[in-house]
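Please look at the chain shown here, first along its sequence and then in three dimensions. The paragraphs that follow move from the whole fold to two helix pairs and then to three individual residues.

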Amino acid sequence: MKIAIRYYTKTGNTKKLAEAISSAIGVEAKTVDEPLTEDVDILFLGSAVYAAGIDAKIKDFIKNINVNVGEVVNFSSAALIESTYKQVKKEVEAKGLKMSENEFHCRGAFKFVHRGKPDDNDLKNVQEFAKRIIN
């Protein structure tokens, strides 16, 4: 099974989640600045919310996918909203790709809100989530 991990982060919170997934499943986590170069069965795609929306870099990455992707699995962090799932799903489906119903989301620290998040427990949980997805 071919698996890829891509993420975008401004604060480092989503990077922590991506690296935890990478450690759990043995696949290198890369930023969305690195396009997919080969077909994948599962694409773990990490994002966060900035000004109530997903960043344009995530949208551009999705629009520029030019390989076959079996399924996109969303993981995210945000200080205020519950998930980026709906926003990412809209972009993924507009591209004609399949969005997994499974997702991982946790709180992310922003200024004085949710300090220390994602924490060790969140990182453990995202690792368990990734292992369930690939098994």
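**From fold to residues**

Buried residues account for 50% of the 135 residues in the protein chain, and, as with every value below, this figure comes from a predicted model. The surface that the protein chain exposes amounts to about 7200 Å², of which carbon and sulfur atoms supply 46%. The secondary structure consists of four helices and six strands, which follow one another along the sequence in the pattern β-α-β-β-β-α-β-α-β-α. Contacts across the sequence can be described in a similar way: of those between residues at least 6 apart in sequence, 74% join residues at least 24 apart.

The helices offer a good place to begin the closer reading. Two packed helices are described by the angle between their axes and the distance between the axes. For helix H1, residues 13-25, and helix H4, residues 120-134, the axes come within 8 Å and cross at roughly 50 degrees, which means that H1 is oblique to H4. The crossing of this pair, H1 and H4, is right-handed. On the H1 side the contact is made by Lys16, Leu17, Ala20, Ile21, Ser23, Ala24 and Ile25, and these meet Leu123, Val126, Gln127, Ala130, Lys131 and Ile134 in H4. Sorted by class, the residues of the contact of H1 with H4 are nine nonpolar, two polar and two charged.

Helix H2, residues 56-63, packs against helix H3, residues 85-94, at an angle of about 25 degrees, and their axes are 9 Å apart. Because of that angle, H2 counts as roughly parallel to H3. Here too the handedness can be stated, since H2 passes H3 in a right-handed crossing. Lys59, Ile62 and Lys63 in H2 meet Val88, Glu91 and Val92 in H3, and the residues of this contact divide into three nonpolar, no polar and three charged.

From the helices the reader can turn to the strands, beginning with S1, residues 3-7, in which Ile5 lies. Ile5 counts as buried because its relative accessibility is 0%. Beyond its neighbours within four places in sequence, Ile5 is in contact with ten residues or fewer named here, among them Ala18, Ile21, Ile25, Val27, Phe44 and Phe75. Val72 stands 67 residues from Ile5 along the chain, and the C-alpha atoms of the two are separated by 9.9 Å.

Ala4 also lies in strand S1, and at a relative accessibility of 7% Ala4 counts as buried, because the cut-off for burial is under 20%. Leaving aside neighbours within four places in sequence, the contacts of Ala4 are with Val27, Leu36, Val40, Ile42, Leu43 and Phe44. One of these partners, Val40, is 36 residues from Ala4 along the chain, with 6.6 Å between the C-alpha atoms.

Asn74 has its place in strand S5, residues 69-78, and is buried or exposed according to what value? Its relative accessibility is 0%, so Asn74 counts as buried. Apart from neighbours within four places in sequence, Asn74 is in contact with residues including Leu45, Ser47, Tyr85, Val88, Met99, Phe104 and Phe129. The C-alpha atoms of Asn74 and Ser47, 27 residues apart along the chain, are separated by 7.8 Å. Val88, a contact of Asn74, is also one of the H3 residues that H2 meets.

Conventions
Residues numbered from 1 in each chain as written. Predicted model: local features only at pLDDT ≥ 70, side-chain atom pairs only at ≥ 80, totals over all residues. Heavy atoms only, no water. Helix = DSSP H or I, 4+ residues; strand = E, 2+ residues; numbered from the N terminus. Buried < 20%, exposed > 50% of the residue type's maximum accessible area, 1.4 Å probe, protein only. Contact = heavy atoms within 4.5 Å. Areas by Shrake-Rupley, 256 points an atom, 1.4 Å probe, with all protein chains shown as cover. Axes fitted to C-alpha atoms, helices over the stretch in contact; angles between N-to-C directions. Parallel < 35°, antiparallel > 145°, perpendicular 65-115°, else oblique. Left-handed = near helix turned anticlockwise from the far one by under 90°. Nonpolar A, V, L, I, M, F, W, Y, C, P; charged D, E, K, R; others polar.
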